[in-house]
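Biologist: Before we look at this model together, could you explain the terms as we meet them, and set each value against its definition?

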Amino acid sequence: MRVVSGIKPTGNLHLGNYLGAIKQWVGMQADVEAAGGESMYFIADLHALTEWSEPAAITDSTFEVSAAMIASGIDPTRSILFNQARVPAHSELAWLLNNVARVGWLNRMTQFKDKAGKNREGASVGLYDYPVLMAADVLLYRATHVPVGEDQKQHLELARDIATKFNLDYKTDLLLEPEPLISKAAPRIMSLRDATQKMSKSNPSDAARINLVDDDDAIAQKFRKAKTDPEPMGASWESLKDRPEAKNLVTIFAALADRTPDDVVAEYAGQGFGSFKPALADLAVAKLGPIRDEMVRLIADKGSVDAELRKGAERAASLAAPLLRDVQRAMGLRVG
Ligand code: AQP
């Protein structure tokens, strides 16, 4: 078993990234170890280039994401933690796989359509090619399982299609089709201002998300001001089905407390959100405060964090090298 996943260093790491990804990975670490497998988590800095960002912002965010992972419990001695750019094999395999992936396949990718919007002609080639790099990220390590959000499922399907076509074209079994790991426990966290949209790094409204570096007051204030309807808490989780804001706050509470949404609704049934929100704010401060404090400490100690990333990259590069060489040779390239 080999689990591989990554996060883009595009700033404003938030509660959705924590509950939907990082916290799940931390929980998986022990299971993967128990199965004799390996966990690999990377900062997808090459992916961050696909939409314009100040270079310094990418560097800062690389440290922020690394710090968040370590502070949350991704242990660099138990998982391989690294930044993608330090392992050139990702880019090299992506180029090789570009010749296997078909334009028609990429044209179907909904994330490209969403991100490019009406300005398709002005989008970078990198944004269009993003799913091939993502395929390389996981195929390079013969990942068996890839924890992804629903939004990345289509890209993982593409990685499987690329692996299948490569193996057929070159009559080999070098590339392994990875399975998506869509944890039922991984919640999808929505914006605090508009619960029809996911909480995201790129939302221009800071009030729409809880940043992992927010101080206690900011966390409390954002939850107090979170949009809700005027009704009190329903009697059951099911009764909230047409109340996206209420559902979102309950989802966050349940995920932070490691309880089921049903359980949380039962505790607050009939009470107004005026009392639920402060309880949620207290819980969030209690859970996120220590992670933030450790993140801040690590961000101030960039040398140590970078040393961990470098060590992780060396381990990743040695795992990647044989596969890349075999792929190159299978394609007829003279290497080594
Ligand atoms: N709102 C969310 N709820 C649950 N999980 C989420 N993730 C992101 N937003 C939520 C999960 O976090 C992981 C890392 O995501 P990413 O940074 O690689 O890309 P993203 O999904 O595009 O993140 P953002 O925050 O939404 O960024 P922008 O605004 O740039 O699009 C993934 O596992 C993702 O599912």
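Modeller: Two strands are said to pair if DSSP finds at least two bridges between them. With that in mind, and remembering that this is a predicted model, we can begin with the strands.

Biologist: How do you know that strand β1 (residues 2-7) pairs with β2?

Modeller: The definition asks for at least two bridges, and 6 bridges join β1 to β2, with the strands running parallel. Within this pairing, glycine 6 stands opposite phenylalanine 42 in β2.

Biologist: What makes β2 and strand β3 (residues 80-83) a pair?

Modeller: The reasoning is again a count, for β2 and β3 are joined in the parallel sense over 4 bridges, where at least two are required. Here tyrosine 41 has leucine 81 in β3 as its bridge partner.

Biologist: Why is strand β2 (residues 38-43) called largely enclosed by the rest of the structure?

Modeller: A residue is buried if 20 or more other C-beta atoms lie within 10 Å of its own. In β2, 5 of the 6 residues are buried, and therefore the strand is largely enclosed by the rest of the structure.

Biologist: Which elements make the right-handed β-α-β unit?

Modeller: That unit is made by β1, helix α1 (residues 15-34) and β2.

Biologist: What makes the residues of α10 that meet α12 count as being in contact?

Modeller: Contact requires C-beta atoms within 7 Å, and residues of α10, including Leu249 and Phe253, meet residues of α12, among them Phe276 and Leu283. By class, this contact has 9 nonpolar, no polar and 1 charged residues.

Notes. Residues numbered from 1 in each chain as written. Predicted model: local features only at pLDDT ≥ 70, side-chain atom pairs only at ≥ 80, totals over all residues. Contact = placed C-beta atoms within 7 Å. Helix = DSSP H or I, 4+ residues; strand = E, 2+ residues; numbered from the N terminus. Nonpolar A, V, L, I, M, F, W, Y, C, P; charged D, E, K, R; others polar. Buried ≥ 20, exposed ≤ 12 C-beta atoms within 10 Å, placed from the backbone. Right-handed = clockwise from strand over helix to strand, strands pointing away.
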